[in-house]
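Colleague: I would like to take a close look at one enclosed space in this model, and then to see how it fits with its surroundings. Please take me through it step by step.

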Amino acid sequence: MTIDLGRGLVLRNPVMTASGTFGYGEEYTDFVDLARLGGIIVKGTTLHPREGNPYPRMAETPSGMLNCVGLQNKGVPYFVETIYPRIKDFDTNVLLNLSGSTLEDYVKGAEMVDALEKIPAIELNVSCPNVKQGGMAFGVTTSGIAQVVSEVRKVYHKHLMVKLSPNVTNIAEIALAAESAGADSVSLINTLMGMAIDAERRRPKLSVVTGGLSGACVKPVALRMVWQVAKAVHIPVVGLGGISNATDAVEFMLAGASAIEIGTANFIDPAVSVKVVNGIEDYCQRHGFEHVASLTGSLKTDNC
Amino acid sequence: MKRILDFTVVGKEDFGRASWLRLKADEPLPDMVPGQFAQVMVEDSPKTYLRRPISIHDVDETAREVSFLVQKVGEGTRRLAETPEGQRLNVVLPLGHGFSMEPVQGNVLLVGGGIGIAPLFLLAKRMRANGMSPQLLLGGKTASDLIRLKDYQALGETFVTTEDGSLGEKGFVTQHSVWKQQQFARLCVCGPKPMMKVVAALAQEKDIPCEVSLENLMACGLGACLCCVEDTVDGHLCVCKEGPVFNTRRLKW
């Protein structure tokens with residue numbers, strides 16, 4: 001089940017948990033043996049602490065949810081001093097999702113994380129839709145993404161995964177720009193920008209009006225984008241967006257993903273990640289795939 | 001330890017706007033503290049994608065039974081409240097931090113408003129088991145809101161208010177005459193936020209330690225999504241993990 005994403009990031013299987021949906025892993029140890037997972041990607045962290053947006057921060061939508069948490073986190077130095085010592089010996093890959101509002105913050109944050117022996121990779125968040133001067137400003141243009149990825153690349157020596165925003169016209173172009181600037185892999189999709197209104201009160205349901213849509217409802221969009229990006233780039237693609245079970249995960253791999261992340265589904269079934277690992281294994285046995293990596297991009301489109 | 005357990009609904013009593021559900025687990029139950037809650041799956045509807053957080057109302061470890069009072073607020077809670085006997089429910093529990101159980105010198109008053117009376121049942125029961133004699137002050141819009149009132153009365157001296165005067169003293173819990181007649185050493189409160197804020201102000205005025213149980217909108221229930229935050233002296237804290245029960249001194253009310 002091993003997946004090699006390059007530059008030292010080797011997963012024991014293709015299943016990781018998505019940033020912002022799995023805390024620091026500690027929140028889920030009653031339900032999941034972390035040693036069964038390919039990796040966990042911890043909460044989006046910025047150089048400086050952030051209190052995030054005011055309450056209310058979520059609204060349920062058909063087969064999904066909107067959130068506008070706004071990158072609440074205690075900052076990279078707190079992570080390094082307090083959280084890292086608690087989680088560094090988890091028997092799985094612990095990736096840090098790094099976000100920022102300035103180029104300088106990204107670079108300083110990446111330098112600090114580079115020094116952490118047990119963090120094999122950064123997932124660079126250039127796609128959070130919930131922060132005004134947030135990473136998404138970098139993630140929606142080819143020049144923006146090229147700039148932030150190349151600057152971080154200069155100081156970060158381990159695996160650099162770049163998480164892409166779906167809120168763009170041509171995601172494959174953005175992915176190519178990240179690849180050219182030195183990304184080792186791309187993960188997609190982050191949440192789709194959305195909105196919910198309480199008609200009775202004539203008010204938005206979220207404190208900052210708009211938020212990021214996630215959950216099963218975004219899967220078809222995510223799958224299409226993974227397919228487009230995987231055709232365009234030569235680096236591994238990590239697929240996410242509405243994956244709720246092993247079949248969903250397999251679909252992303254067929255579309256071209258080398259690994260997958262499970263996000264919002266962790267809220268509904270806290271043990272879903274391990275079920276997906278088992279289900280992918282079953283699928284491979286049933287379909288005669290000796291190695292799970294052979295699933296990647298094996299979608300048959302000859303008659304399309 | 002938090003668990004994901006399958007239950008069978010073994011009892012349902014419908015009170016109109018809410019119902020009392022008794023669930024029997026397939027396996028032994030984990031330890032639960034009054035004030036903790038459960039995340040209940042409502043299956044087979046795209047409108048109920050996320051679990052519904054529901055207070056733990058009562059527990060019978062020997063019978064492996066948990067019960068909930070479910071108020072029909074929206075689609076999810078309505079479907080949940082109408083779950084027929086025999087149906088299976090998937091539940092994650094116990095979640096969050098409950099009420100303080102340390103004995104205290106003086107009277108303890110448990111104040112419940114509307115469906116907020118739910119967690120006070122287990123709280124009163126456990127306090128009695130610990131040798132305490134809690135008193136209860138329960139309020140509703142009308143008499144029928146006071147579900148299982150006789151069972152509450154069996155757990156301690158119970159004062160009642162209704163907004164329409166159909167039972168007990170007319171008005172809100174904060175207007176009950178007991179506040180003038182007695183001194184309290186601790187307050188444990190669950191109800192609508194405006195009501196809890198008034199009780200918290202009363203507690204501050206009289207310098208009584210006061211705990212309130214919050215019910216902010218949440219997704220995960222585990223402290224991962226950071227959606228259910230409350231503004232506290234320690235910053236934004238998750239109601240699901242740091243709460244749902246908070247000492248009011250920690251809250252920026």
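What volume does the second largest cavity have? I would also like to know which residues line the second largest cavity, and where it lies with respect to the domains of chain B.

Modeller: Please keep in mind throughout that this is a predicted model. The second largest cavity has a volume of about 70 Å³, and a search of the whole structure finds 3 cavities of 30 Å³ or more. Its lining is made up of B:Phe15, B:Arg17, B:Ala18, B:Gln71, B:Gly114, B:Ile115, B:Ser144, B:Asp145 and B:Ile147. Sorted by class, this lining of the second largest cavity comprises 4 nonpolar, 3 polar and 2 charged residues.

As for its place in the chain, chain B is divided into domain 1 (3-95), domain 2 (99-212) and domain 3 (214-253). Because domain 1 and domain 2 of chain B both give residues to the lining, the second largest cavity lies between them.

Domain 1 of chain B also meets domain 3 of chain B, with 6 residues of domain 1 in contact with 8 residues of domain 3. The C-alpha centres of these two domains, domain 1 and domain 3 of chain B, lie 22 Å apart, and the area buried between them is about 560 Å², with carbon and sulfur atoms giving 67% of it. On the domain 1 side, B:Phe37, B:Gln39 and B:Leu95 supply 56% of the area that this domain of chain B buries against domain 3, which is more than any other three residues. Between domain 1 and domain 3 of chain B the count of salt bridges is 0.

For the surroundings, the largest cavity may be set beside the one you asked about. The largest cavity has a volume of about 490 Å³, and of the 36 residues that line it, A:Ser19, A:Thr21, A:Asn67, A:Asn190 and A:Thr191 are the closest to its centre. Strand 4 (39-45), strand 6 (64-67), strand 14 (210-214) and strand 16 (259-262) of chain A each supply at least two residues of the lining of this largest cavity. The lining of the largest cavity has 16 nonpolar, 17 polar and 3 charged residues.

Turning to how the chains meet, the contact takes 33 residues from chain A and 29 residues from chain B. Together chain A and chain B bury about 2700 Å² between them, and 63% of that area is on carbon and sulfur atoms. A:Tyr55, A:Glu60 and A:Ile268 supply 25% of the area that chain A buries against chain B, more than any other three residues. The count of salt bridges between chain A and chain B is 3; the side chains of A:Asp30 and B:Lys2 meet in a salt bridge, at 4.0 Å from N to O.

Finally, there is an open space to consider as well. The second largest pocket has a volume of about 560 Å³, and among the 24 residues that line it, the closest to its centre are A:Tyr24, A:Gln72, A:Lys74, B:Leu226 and B:Glu242. Helix 1 (76-87) of chain A and strand 15 (235-238) of chain B each supply at least two residues of the lining of the second largest pocket, and strand 15 of chain B gives the largest share of that lining, 4 residues. By class, the lining of the second largest pocket has 8 nonpolar, 6 polar and 10 charged residues.

Definitions and conventions
Residues numbered from 1 in each chain as written. Chains lettered and ligands numbered in written order. Predicted model: local features only at pLDDT ≥ 70, side-chain atom pairs only at ≥ 80, totals over all residues. Heavy atoms only, no water. 1 Å grid on protein atoms, 1.4 Å probe; cavity = no way out; pocket = protein on both sides within 12 Å on 5 of 7 lines; lining within 4 Å. Points joined across faces, edges and corners; volume = space filled by probe spheres on them. Nonpolar A, V, L, I, M, F, W, Y, C, P; charged D, E, K, R; others polar. Domains from an automatic or database assignment. Contact = heavy atoms within 4.5 Å. Buried area = accessible area lost by both parts, 1.4 Å probe.
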